[in-house]
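I set out to look up how one helix sits among its neighbours and how one sheet is put together. My entries follow the model itself.

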Amino acid sequence: MGAPLHPRSHKSKVQVNLKNLSARARIALLVLALALPVLALSLYVGLAQRDAAERSERLELRLIAELTAKRPELIIESVHQLLFAIGGQVDNLLSDRESCHRYFKRLLPDDAGLYRTMGLILPDGNVFCSSRIGKSSESINVKDRYYFSMAAQSGKFTVGEYQIGRLTGLDVVNFAYPILDQQKRVRAVVFAGLNISTFIEQGASRREDTHRTQGREVTILDRNDTVIAQYPEIGVRPGEKYPNPDVIRMMAAAGNASFTTADLRGVARLYTAENVGMNPDGMTPIRVLVSTPSHFIFADADRALQRTAIGVLLISILLTAGAWYGAEVLVLRRVRTLLDVADRIRKGDLAARTRFGEGSEE
């Protein structure tokens, strides 16, 4: 193997190469070098615009997540107050099952509105009465349901999870409020099954035909990461697990902070999560997840950067071409005349003249 080149030999080689360049090429290179700071400044401004676009999108996603979470928060609070008010009638309700059925039937004449069902559960988990009048409801036990067991154990209002109701056969999220006696023992649990379609607005009025909003997704999840509602629908139905485990893992680690990761299609997305409520066990019962594709966020900044970079390169090429041909017309032609005259004088032609005329040119 040959000996490595010494730094000085490399430097001298560069100097030799520069010496071999004509004055015309040197002027063109000088003009091109002067254009490089403009290109660097354009790149810096483009990257700053990308950073500003990401910050703006993070703030916007945070606002959307908070606004979307307001609806579940209001729903939870209204259900809490309703069940608390119903709990004041527990003595009358427990005194007669048929009267109890009729009471809840008057409160909830059908299951097409905000609630699917509503009723009273005994401490052993048996449904005492409900808006679904019928003997079938009397044989239903919900002791294994999270919303009931947590309310009965903690003695506090509890938000349940996505499930198919045993009374209705429909998808609901149940809420439970325990009624305690003077010894803090559970006398009964008032419950309400919420129609999950009320959790999220359809969002048609929010739809905008802009590149930054076309790819946005809003998803509402329960404590088990089961999809309760989604807009727009992208193939994940309510009741199915959220399909991207990376998003679930990062959402758990980031809390309410924003994060970026790839979706199942491999597209990088910016996500923002918002927690709604708190159950007695410390678990968040509802979470709102909002996301948008990263390439939509940077689209404007990337286009501006691309246009600026192309413009700077075109101008640099034009300046270099102008320097290449302008150097010949404005500088080198007269230098060659001067050199020719000097050469003639060296050869003995003392009458040789440049005929430049008067002026202050060097």
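The entries below take the helix and then the sheet.

Before starting I noted that this is a predicted model, in which local features need pLDDT of at least 70, side-chain atom pairs count only at pLDDT 80 or more, and totals for chains, interfaces and linings use all residues. Residues are numbered from 1 along each chain as its sequence is written, and side-chain values use heavy atoms, with hydrogens and water left out.

**Helix α4.** I looked up which residues of α4 (97-107; helices are DSSP runs of H or I, at least four residues, and strands runs of E, at least two, numbered from the N terminus) are buried (under 20% relative accessible area, 1.4 Å probe, protein chains only), and found Cys 100, His 101 and Phe 104. They lie on the same side of α4, because they cover an arc (of directions from the helix axis to the C-beta atoms) of only 100 degrees. Their cover includes α2, α3, β1 and β2. At the N-terminal end I found Asp 96 as the cap, with a side-chain oxygen 3.4 Å from the backbone nitrogen of Glu 98.

**The sheet.** I then traced an open sheet of 5 strands, ordered β7-β6-β10-β9-β8 with antiparallel pairing (at least two DSSP bridges between two strands). Its edge strands are β7 (227-231) and β8 (259-262), each paired on one side only. Between β8 and β9 (268-276) I noted 4 bridges, and Ala 262 has Ala 268 as its bridge partner in β9. Helix α6 (245-254) packs on the sheet, touching (heavy atoms within 4.5 Å) β6, β8, β9 and β10.

Notes:
Buried < 20%, exposed > 50% of the residue type's maximum accessible area, 1.4 Å probe, protein only. Polar contact = N/O pair within 3.5 Å; in protein donor to acceptor, adjacent residues only side chain to side chain. Axes fitted to C-alpha atoms, helices over the stretch in contact; angles between N-to-C directions.
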